[in-house]
Amino acid sequence: FANNMVLGSLATAVVQGLVAALGYAFCGLERLVFLGTLTMLFSFVPMIGTAVVWLPVCFFVATTQGPAWAIGLAVWN
């Protein structure tokens with residue numbers, strides 16, 4: 001049972017990182033592998049997890065590309 005829990009958590013983290021990286025790519029961001037990996041790693045943190053990564057990224061997107069892109073990225077994540 002414990003083995004399945006670990007594998008399920010790892011698979012979920014990888015999928016979250018990939019989906020987030022797709023959103024980052026759609027917004028035209030660079031360093032997709034870095035941001036996707038950070039999102040994947042922080043997905044193990046309860047409650048705030050991936051928000052630690054995508055909230056600052058959304059703020060950056062809002063300041064560089066406009067608030068509509070940032071809202072789209074926030075909805076995606």
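The paragraphs below walk through this structure, from its overall layout to a few residues worth finding on screen. Please keep in mind that the model is predicted.

Let us begin with the whole chain. The protein has 77 residues, and its secondary structure comes to four helices and zero strands. Reading along the sequence therefore gives the pattern α-α-α-α. Along its principal axes, the C-alpha trace spans about 45 × 20 × 15 Å. Of the residues, 27% count as buried. The protein exposes about 5,200 Å², and carbon and sulfur atoms supply 77% of that area. Contacts tell us how the chain is joined to itself: among those between residues at least 6 apart in sequence, 46% join residues at least 24 apart.

Now to the helices, beginning with H1, which covers residues 2–26. Leu10 sits in this helix, and its relative accessibility of 44% is why Leu10 counts as partly exposed. Leu10 also belongs to a nonpolar surface patch, which Leu10 makes together with Val6, Leu7 and Phe44. The area of this patch is about 370 Å².

Phe26 is another residue of helix H1, and with a relative accessibility of 65% Phe26 counts as exposed. Phe26 brings us to the aromatic rings, where the structure holds one aromatic pair. Its partners are Phe26 and Trp69, whose ring centres are 5.7 Å apart; their planes meet at 50°, so the pair is tilted. To count as stacked, the planes would have to be under 30 degrees apart, and to count as edge-to-face, over 60. The pair links distant parts of the chain, since Phe26 is in helix H1 while Trp69 is in helix H4 (residues 67–76), 43 residues apart. Trp69 counts as partly exposed because its relative accessibility is 38%.

Next in the sequence after Phe26 comes Cys27, so this is a good place to ask about cysteines. How many disulfides does a search of the whole structure find? The search finds zero. The closest cysteine sulfur to that of Cys27 is in Cys58, and at 7.4 Å the two are too far apart for a bond. A disulfide would need the two sulfur atoms within 2.5 Å. Cys58, likewise, is in no disulfide. Both cysteines are tucked away from the surface by the numbers: Cys27 is buried at a relative accessible area of 5%, and Cys58 is buried at 8%.

Moving on, the loop between H1 and H2 contains Arg31. Arg31 is exposed, with a relative accessible area of 64%. Its backbone is worth a look too. Most residues other than glycine have a negative phi. Arg31, however, has a positive phi, near 60°. The loop between H2 and helix H3 (51–65) offers a second case in Met47, whose phi is near 70° and again positive in a residue other than glycine. Met47 counts as exposed, because its relative accessibility is 85%.

Between these two loops lies helix H2, residues 32–42, where two threonines make a useful comparison. Is Thr39 buried or exposed? Thr39 is buried, because its relative accessibility is 2%, and the cut-off for buried is under 20%. Thr37, also in helix H2, counts as partly exposed at 34% relative accessibility. Thr37 and Ala20 are 17 residues apart in sequence, and their C-alpha atoms are 9.5 Å apart in space.

Which residues does Thr39 touch, leaving aside its neighbours within four places in sequence? Thr39 is in contact with Gln16, Gly17, Ala20, Tyr24, Thr50 and Val53. If you follow the contact to Thr50, you arrive in the loop between H2 and H3. Thr50 is buried, with a relative accessible area of 19%. Beyond its neighbours within four places in sequence, Thr50 is in contact with Gln16, Thr39, Phe42 and Ser43. Gln16 thus appears among the contacts of Thr39 and among those of Thr50.

To retrace the route on screen, you could start at the patch of Val6, Leu7, Leu10 and Phe44, go on to the tilted pair of Phe26 and Trp69, and finish at the contact between Thr39 and Thr50.

Definitions and conventions. Predicted model: local features only at pLDDT ≥ 70, side-chain atom pairs only at ≥ 80, totals over all residues. Heavy atoms only, no water. Patch = residues over 30% accessible without salt bridge, like charges linked within 9 Å, V, L, I, M, F, W, Y side chains within 5 Å. Areas by Shrake-Rupley, 256 points an atom, 1.4 Å probe, with all protein chains shown as cover. Salt bridge = Lys/Arg side-chain N within 4 Å of Asp/Glu carboxyl O. Buried < 20%, exposed > 50% of the residue type's maximum accessible area, 1.4 Å probe, protein only. Contact = heavy atoms within 4.5 Å. Phe/Tyr/Trp six-rings, centres within 6.5 Å; stacked < 30°, edge-to-face > 60°.
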